[in-house]
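Q: Please take a close look at the backbone of one loop in this model. Then connect that loop to its wider setting in one continuous account.

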Amino acid sequence: MPIEKITMPKLGESVTEGTISNWIVAVGDVINKYDPLAEVMTDKVNAEIPSSFSGTIKELIAEEGQTLEVGEVICTIEVAGDRTQNEPPTEEETIEKVAVSTNEDSSQKARYSPAVLRLSQEAGIDLTLLTGTGAGGRITRKDVQKAISEGIPQVKAEEKAVTSATVEKTPTNEPAVHRNSIQTKAGDKELPITGVRKAIASNMVKSKHEIPHAWTMIEVDVTKLVQYRNKLKDSFKKEEGYNLTFFAFFVKAVARALKEFPEINSTWAGDKIIHKKDINISIAVATEGALFVPVIKNADEKSIKGIAREITELANKARTGKLTIDEMQDGTFTVNNTGSFGSIQSMGIINHPQAAILQVESIVKRPVIKDNMIAISDMVNLCMSLDHRVLDGLVCGRFLQRIKQILETTSEETTPIY
């Protein structure tokens with residue numbers, strides 16, 4: 001029977017490598033096409049990699065913890081049956097079959113791969129009673145097989161893990177030890193770095209090392225916008241079932257301005273600069289343990305109502321671990337709602353490989369001079385970090401001025417919601 005190679009797949013735009021965090025199969029295992037082989041961590045997501053063939057695992061070439069480039073061989077399979085009836089899936093089919101993990105809270109543990117569900121159903125195993133050993137606590141096929149052979153433990157190991165992870169170290173007379181030149185002392189807590197946190201750290205370091213960041217800020221009087229939104233918010237929520245947030249107005253204004261300034265909607269490609277045709281706005285969504293950046297596709301073509309709906313849906317998916325790979329890729333510009341935390345000025349790190357990020361700060365009432373008189377207005381700071389290889393201050397200044405103009409003239413007469 002023929003031996004086929006399984007390679008590290010490309011799991012998203014700009015993803016060039018992945019790290020094997022856990023092998024789900026072992027040499028000699030008989031598997032079906034699309035059964036999960038390994039859990040892989042990238043700078044975008046954690047995922048279970050499906051098999052391209054049915055057959056028997058011949059060799060595990062990559063080790064757990066090893067990072068491989070896209071296209072490198074991770075294992076080999078002795079293919080069962082006729083090769084022509086066991087064709088490998090396309091890249092699109094592979095991505096569709098990947099089980100994605102984008103959150104590390106307890107809701108993620110309730111999401112299982114098709115292989116795990118099938119095996120548990122055949123054996124009559126209640127998956128809620130098992131402890132996952134996969135990334136972020138995901139239950140793997142190995143966990144189900146162990147439960148079948150050894151039985152389900154009386155006390156969930158998951159509860160033991162939580163207990164042991166939260167207990168502080170007992171003080172001892174032993175001297176402090178050094179880990180990576182950082183000294184720990186008795187009473188300090190050591191928390192393991194999760195896969196998602198490692199991916200975030202890697203991407204942030206890459207952005208700061210590769211991109212020469214510059215920064216600029218503009219203040220905007222959004223008094224009319226605040227009055228308009230406050231007038232509509234209750235009836236909108238009653239009719240649509242979700243909130244009409246200020247953030248939706250800002251995203252729409254940015255999308256309009258990007259259409260007029262395509263230079264901002266660009267990426268550095270080494271020997272060229274690429275102006276992206278589609279205007280896909282990445283929005284930052286924070287959870288307790290991580291930060292995710294889902295994408296509003298073709299934001300310039302959507303109404304404020306449509307944008308508000310997508311913000312709500314994407315944020316809910318991020319917080320419940322239900323984002324797909326497609327919902328997190330192809331972003332061309334990022335808008336970060338730092339104002340939701342009370343921030344009034346901040347400097348964002350650009351979402352690689354984009355060329356800029358805009359921080360929308362808190363709307364605060366401040367005294368301003370209007371017609372040589374002091375007035376109280378609703379003011380907001382817009383802070384922009386830019387890739388100085390791609391962009392200069394002139395075009396960014398004009399871009400921010402255009403956003404300012406759009407926002408300051410937002411009203412019932414000029415800006416339809418639908």
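A: **A loop residue and its setting**

N372 sits in the loop that runs between β21 (364-370) and β22. The model is a predicted one. Although N372 is not a glycine, its phi is positive, at about 65°. Most residues other than glycine have a negative phi, and most peptide bonds are trans. N372 has a relative accessibility of 78%, and therefore counts as exposed, the cut-off being over 50%.

D330 also has a positive phi without being a glycine, in its case near 75°. D330 belongs to the loop between α8 (304-320) and β19. Its relative accessible area is 30%, so D330 is partly exposed. Another backbone feature is the cis peptide bond between H352 and P353, where omega is about 10°. P353 is located in the loop between β19 and β20.

From the loop of N372 the account moves to β22, which spans residues 373-387. Strand β22 is among the elements that cover the buried residues of α9. The cover also includes β19 (333-336) and β20 (356-360), together with β12 (213-221), α6 (223-240) and α7 (246-260). The elements β19 and β20, which flank the loop of P353, are thus named here as well.

Helix α9 itself consists of 16 residues, 393-408. The span from its first C-alpha to its last is 22 Å, close to the 22 Å expected at 1.5 Å a residue. Its buried residues are V395, C396, F399, L400, R402, I403, K404, I406 and L407. R402 and K404 appear in that buried set beside residues such as F399 and I403.

How α7 lies against α9 can be given in more detail. Two packed helices are described by the angle between their axes and the distance between the axes. For α7 and α9, the axes come within 9 Å and cross at roughly 135°. An angle of roughly 135° falls between 115 and 145 degrees, so the two helices count as oblique to each other. Their crossing is right-handed. On the α7 side the contact involves F249, F250, A253, V254, R256, A257, L258 and E260. These meet F399, R402, I403, I406 and L407 of α9. F399, R402, I403, I406 and L407 are also listed as buried in α9.

Two strand residues elsewhere add further detail. T19 is part of strand β2 (residues 17-23). With 14% relative accessibility, T19 counts as buried. The side chain of T19 makes a polar contact of 2.7 Å with the side chain of T67. Beyond residues up to four places away in sequence, T19 touches E39, V40, M41, G65, Q66 and T67. L291 is placed in strand β17 (residues 291-292), and at 40% relative accessibility L291 counts as partly exposed. Outside its neighbours within four places in sequence, L291 is in contact with I200, A284, V285 and A286. The C-alpha atoms of L291 and A318 are 8.8 Å apart, with 27 residues separating the two along the chain.

For the protein as a whole, the secondary structure comes to 9 helices and 22 strands. Of the 418 residues, 45% are buried. Among contacts with a separation of 6 or more, 66% join residues 24 or more positions apart.

Note on methods
Residues numbered from 1 in each chain as written. Predicted model: local features only at pLDDT ≥ 70, side-chain atom pairs only at ≥ 80, totals over all residues. Heavy atoms only, no water. Helix = DSSP H or I, 4+ residues; strand = E, 2+ residues; numbered from the N terminus. Expected span 1.5 Å × (residues − 1). Buried < 20%, exposed > 50% of the residue type's maximum accessible area, 1.4 Å probe, protein only. Contact = heavy atoms within 4.5 Å. Polar contact = N/O pair within 3.5 Å; in protein donor to acceptor, adjacent residues only side chain to side chain. Axes fitted to C-alpha atoms, helices over the stretch in contact; angles between N-to-C directions. Parallel < 35°, antiparallel > 145°, perpendicular 65-115°, else oblique. Left-handed = near helix turned anticlockwise from the far one by under 90°.
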